[in-house]
Amino acid sequence: MNIQTNIKTGISVCPHDCPSACALEVELLDENTIGRVRGAKDNTYTKGVICEKVARYAERIHHPDRLLYPMKRSGPKGSGQFERISWDEALDVTAKAFLKAEADHGSESVWPYYYAGTMGLVMRDGIERLRHAKSYSGMYGTVCIALSWSGYYAGAGRIGGVDPREMQKSDLIVVWGGNPVNTQVNVMTHISMARKTRGAKLACVDIYETDTMKQADIKVLIKPGTDGALACGIMHVLFRDGHANWDYLNQYTDHPKELEAHLSTRTPEWASAICGACVADIEAFAKLIGQTLKTFFRIGYGFARSRNGAANMHAVTSIPAVTGAWLHEGGGALHSNSGSYKWNKTLIEGKDVAKGGLRVMDQARVGEALLGNPHDLQGGPPVKAMLIQNTNPLSIAPDQNKVKQGFAREDLFVCVHEQFMTETAKYADVLLPATMFLEHDDIYQGGGHSHILLGPELVKRPGECRTNHEVIRELAKRLGAEHRGFEMSPREIIDETLKSSNRPSLDVLDQENWVDVMPDFETAHFLNGFGHPDGKYHFKADWKAAAFLSPTGQLGPYADLPEFPDHYATIESANDEYPFRLATSPARTFLNSTFNETPSSRKREGRPTVLVHPDDLVQLGLSDGDKVRIGSARGQVTLHAKSHTGQLQGTLIAEGLWPNDSHEDGCGINTLTGADQPAPAGGGAYHDNRVWMRKMNPR
Ligand SMILES: Nc1nc2c(c(=O)[nH]1)N[C@H]1C(S)=C(S)[C@@H](COP(=O)(O)OP(=O)(O)OC[C@H]3O[C@@H](n4cnc5c(=O)[nH]c(N)nc54)[C@H](O)[C@@H]3O)O[C@H]1N2
Ligand SMILES: Nc1nc2c(c(=O)[nH]1)N[C@H]1C(S)=C(S)[C@@H](COP(=O)(O)OP(=O)(O)OC[C@H]3O[C@@H](n4cnc5c(=O)[nH]c(N)nc54)[C@H](O)[C@@H]3O)O[C@H]1N2
Ligand code: SF4
Ligand SMILES: [Mo]
């Protein structure tokens, strides 16, 4: 007998913050326990492939360190000392603190703070309903998307692009500033198919030799924050050598002649001096792009995490508009499809009870906001109470020393709803245990593809864990917040949201598990017009319009943003004091700070490491494996140096978000990164740090 056939399987979707949103098959060993997790084979994007960290999800969901009971703090803030309490007490204490803050300082002194630890629409965004019903302060979610989306929007006018499955029809796939082998493995599945079936070439542009670049036919290594220069050098060649598609340019773009004139001085030599790639490589890469009609640009987030990231994104996105690659099946670009879903979030977010004019604060500047920086408080009251769901700011937010200082405030009340004792959980006054995705119902969308997927409850929750929705509705009761959404079940909310968004109802998802809502070819390729009112691709960026995400309008030094694609020099350039440029790229088996608690991920990633060019090691008198201290203007972090040839001299790479306490002094990698708001709409400039590095004194 085949034992396998006896194992029940449930269909689900990966809830984590990853563009792949993989359709999953989950082995259900009994009503409480899962076995292996596999990719769903009949989903045309997932195609049976998922990453190793989620394949081993049993390790995370059944982890002995999961939070199971509500607790209140019994030691100093950040100590992680807690004692168990009942749910009623936890919710009462939290509600009381929120009501007190509101009575003493007004409703805006309460700041619900969340991000994308789960991408489920009900569980992630339901906190907005509480905010709106209570007129609490708003949060502007900048860290991930503000830089890249504003750059993409500046050109295309809409956050959408070509069906990723079309890569199978491409002759050249350019993975620009993304590392899908680590961060969205399915992209590699579709690239492999194109390589096998039609001999497609893979090009990769990155600042170090990632596992994606290792597989590439064309490898373009550049200095961090110089993609705009490389893109301009390429476009210069395209115009110079007759690869610009003038019929396309005239019909679909705004100022092609001005762009050509502007680029006349942006020669490959000019670009090379800035980005560090050699002239011959820039010429050859440009020629290949120019000669390959079906060139698919898979544009990542990573290269936009610099102070000039929006401008760089705009420059890169302009390349297929010069060649007209958008005209062809298998050609064009995809950064994210998230703008294509057009959800009606009235019910989920309680938009119908939102009062206008409330303060909205920048997620990335949580440290500054908690420390009372007037720029962040915007004339409003200090932040006195917070509810935190699905995010770990004490690890992931930039300028960590400030974040720690802010959360250490004795007069700040913090309720954290979490699955693990994260760095943020340790600073909680009240700590609530959260369910995981297989323990509740939700729906999800793919940022890197075009499916809406259902993730139903498949196993029983352990201990006293509760869902985000349950916590929100229980708090709402105690806070006097009214909205019909608080009275509804997640399934009712899902069904109504699907219907009011003109999508198939929950019945259909129950039957089919997912629906593909890919726009038609003309829309996806912008052949019936780009997203701007004039329907054209904009080489001449309107950065004010591009700051569409920012509720407070343009941010940062936006007046300096270049109108046309260019090298926008506002990065933290190296200098005598800080001679290196550090990027903090994602590790394969951590997902931001998630999974850094699972033993197999910890084992695979080894220890906190910085990749250093061997010549830099020699110059600093360091050896492979030495413990080093790295410092920026914001703080210092300890890691181990590893000799790595696959990057330009002067570039340092620290992969992953290790737990803060795996670094000496508990200073995580974001101690080095900055929270100043880049133009035009803010965002996390995580890969844009000038630093010094020296050998650790033994102590
Ligand atoms: N395993 C794993 N998967 C993840 C994540 C994770 O942390 N780990 N994070 C998830 C999240 S939240 C997101 S938003 C996505 C992001 O996924 P991606 O779009 O892949 O973006 P990043 O992973 O941030 O960065 C990708 C690459 O950009 C490179 N890079 C950094 N600076 C520059 C630059 O100036 N120029 C160029 N050309 N390249 C540069 C980095 O070295 C890195 O290799 O991945 C998701 N998936
Ligand atoms: N240095 C550096 N820092 C970075 C980045 C980088 O590349 N380098 N990347 C940035 C990016 S792109 C992003 S998106 C952010 C991500 O930052 P975060 O959104 O904070 O992501 P995670 O670190 O994955 O933390 C998510 C937390 O949510 C919890 N969680 C998951 N599901 C649920 C749930 O259903 N309910 C509740 N209550 N909790 C849940 C998890 O246990 C986890 O602790 O990090 C940013 N920080
Ligand atoms: S690749 Fe991304 S979406 Fe797919 S299982 Fe892994 S983390 Fe989840
Ligand atoms: Mo992200």
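This is a short tour of three ligands and one small sheet in a predicted model.

**Stop 1: ligand 1**

Select ligand 1 and show the residues around it. There are 31 of them, and the closest are Thr183, Gly225, Asp227, Tyr301 and Phe590. Colour this shell by class: 13 residues are nonpolar, twelve are polar and six are charged. Now switch on the cartoon. Helix H7 (180-183) and strand E9 (201-206) each give at least two residues to this shell.

Next, look for polar contacts. Start at Phe590: a polar backbone atom there is 2.6 Å from a nitrogen atom of ligand 1. Go on to Gly177, where a polar backbone atom is 3.4 Å from an oxygen atom of the ligand. Then pick Lys53. An N or O atom in its side chain is 3.4 Å from a nitrogen atom of ligand 1. How much of ligand 1 does the protein bury? Alone, ligand 1 exposes 900 Å², and the protein buries 97% of that.

**Stop 2: ligand 3**

Select ligand 3. Around it you will find Cys14, Cys18, Ser20, Ala21, Cys22, Ile50, Cys51, Lys53, Val54, Val185 and Leu591. Lys53 is the residue you picked at the last stop, with its side chain by ligand 1. By class, the shell of ligand 3 has nine nonpolar residues, one polar and one charged.

**Stop 3: ligand 2**

Move to ligand 2. Its shell holds 31 residues, and Thr391, His417, Glu418, Ser593 and Thr594 come nearest. Which domains each supply at least three residues of this shell? They are domain 2 (71-141 + 360-516) and domain 4 (580-695). By class, the shell has ten nonpolar, 17 polar and four charged residues.

Zoom in on three contacts. A polar side-chain atom of Glu418 lies 2.5 Å from an oxygen atom of ligand 2. At Asn468, a polar side-chain atom lies 2.8 Å from a nitrogen atom of the ligand. Asn392 uses its backbone: an N or O atom there lies 2.9 Å from an oxygen atom of ligand 2. Taken alone, ligand 2 exposes 920 Å², of which the protein buries 96%.

**Stop 4: a three-stranded sheet**

Hide the ligands and select residues 442-445, strand E17. Add E18 and E19: the three strands form an open antiparallel sheet in the order E17-E18-E19. Strands E17 and E19 (514-516) are at the edges with a single partner each, so one side of each has no neighbour in the sheet. On average, neighbouring strands here are turned by 15 degrees against each other, direction ignored.

Finish with the pairing of E17 and E18 (residues 451-455), which is antiparallel and runs over four bridges. Label Ile443, and find Leu454 of E18 opposite.

Definitions and conventions. Residues are numbered from 1 along each chain as its sequence is written. Chains are lettered from A and ligands numbered from 1 in the order in which they are written. This is a predicted model: local features need pLDDT of at least 70, side-chain atom pairs count only at pLDDT 80 or more; totals for chains, interfaces and linings use all residues. Side-chain values use heavy atoms; hydrogens and water are left out. A residue is near a molecule or strand if one of its heavy atoms lies within 4 Å of it. A polar contact is a pair of N or O atoms within 3.5 Å; within protein, one must be able to donate a hydrogen and the other to accept it, and residues adjacent in sequence count only if both atoms are side-chain atoms. Accessible areas come from the Shrake-Rupley method with a 1.4 Å probe; for residues, only the protein chains shown count as cover. Ala, Val, Leu, Ile, Met, Phe, Trp, Tyr, Cys and Pro count as nonpolar, Asp, Glu, Lys and Arg as charged, and the others, Gly among them, as polar. Domain bounds come from an automatic or database domain assignment. Two strands pair if DSSP finds at least two bridges between them. Axes are lines fitted to C-alpha atoms, for helices over the stretch in contact, and angles run from 0 to 180 degrees between N-to-C directions.
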